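I opened my notebook for a quick tour of this protein. Here is what I looked up, in the order I went.

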Amino acid sequence: MTDIGIFEAIHTARSLRRFKLDPVPEALITRILDAAIRAPSAGNAQNWAFVVVREKSVRRALGDIYQKASRIADAMYAARGRPPHLTEQQFQRMMTSGTFLWAHMGDAPVILIPCQRRPVVPPAEALPPELRDRHPAELAYVERIRGASLYPAVQNILLACRALGLGTTITTNHIRIEGEVKAVLGLPDDVDTFAMMPIGWPIDPFGPLTRRPVAEVVHADRWDQPWPA
């Protein structure tokens, strides 16, 4: 296996959901995780943790939970309808790919669960008097930005998998019933999951990716000024 360039990885790292049954060498998983922990971490807290699930019975249990949670996701997608930038054919292809994973998550050779310990917010009485009234707002702020300290590591995982020829995707359906996942994995109360990532040798090919053009989603200085095409 030969590493590929970063831009090739970015442009071809499709979400892959169908995998061969061949095992993934532990050394490659270690290399992927080493890439994950090179990501930025707010305040250098490095309060991430990763659970690598390879035992068949645990993978099956996670697959059952994921399928149950995905029935809720299916109803939400149906109610939301097709995004305007997708053709009906593209939307149906996306849904078909998703429903395959809903039924086969437990078949992936590896299921990686990125987690994070809950951040510690000092009590109001520990703050300077002029900031104590802001304590509720600070709690809301910390909750909103928590993912910023973990999702860069998740992106590193996506790119590392692509560079090594492994398929993966990021999914969060299980968070709808996360308590069941935490029970299966024996996670401490102060540790939350942020994704479920099946990893394996892909059946389907990598990219290229189809995305809306930059000019449609980027604004120059102000919202009403488009980025030049």
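The entries below go from the whole chain down to one helix.

**Entry 1, the model.** I noted at the start that this is a predicted model.

**Entry 2, the fold.** I counted secondary structure and found eight helices and five strands. Reading along the sequence, I wrote the order down as α-α-β-α-α-β-α-α-β-α-β-β-α.

**Entry 3, extent and contacts.** I took the C-alpha trace along its principal axes and got a span of about 60 × 50 × 40 Å. Of contacts between residues at least 6 apart in sequence, I found that 80% join residues at least 24 apart.

**Entry 4, surface and burial.** I looked up the accessible surface, which comes to about 13,700 Å², with 56% of that area on carbon and sulfur atoms. Of the 229 residues, 36% are buried.

**Entry 5, charges.** I tallied 27 positive and 24 negative side chains. The centres of the two sets sit 5 Å apart.

**Entry 6, helix H6.** Then I turned to H6, residues 151-163, with 13 residues. From its first C-alpha to its last H6 reaches 18 Å, close to the 18 Å expected at 1.5 Å a residue. Which residues of H6 are buried? My list reads Ala153, Val154, Ile157, Leu158, Leu159, Ala160, Cys161, Arg162 and Ala163; I was glad to spot a charged type, Arg162, among them.

**Entry 7, neighbours of H6.** What do the buried residues of H6 pack against? I found helices H1 (6-12) and H2 (26-36), along with strands E1 (48-53), E2 (110-117), E3 (167-168) and E5 (197-200). Just after H6, I noted that Gly165 has a positive phi of about 80 degrees.

Definitions and conventions. Residues numbered from 1 in each chain as written. Predicted model: local features only at pLDDT ≥ 70, side-chain atom pairs only at ≥ 80, totals over all residues. Heavy atoms only, no water. Helix = DSSP H or I, 4+ residues; strand = E, 2+ residues; numbered from the N terminus. Buried < 20%, exposed > 50% of the residue type's maximum accessible area, 1.4 Å probe, protein only. Contact = heavy atoms within 4.5 Å. Areas by Shrake-Rupley, 256 points an atom, 1.4 Å probe, with all protein chains shown as cover. Charge placed at Lys NZ, Arg CZ, Asp CG, Glu CD. Expected span 1.5 Å × (residues − 1).
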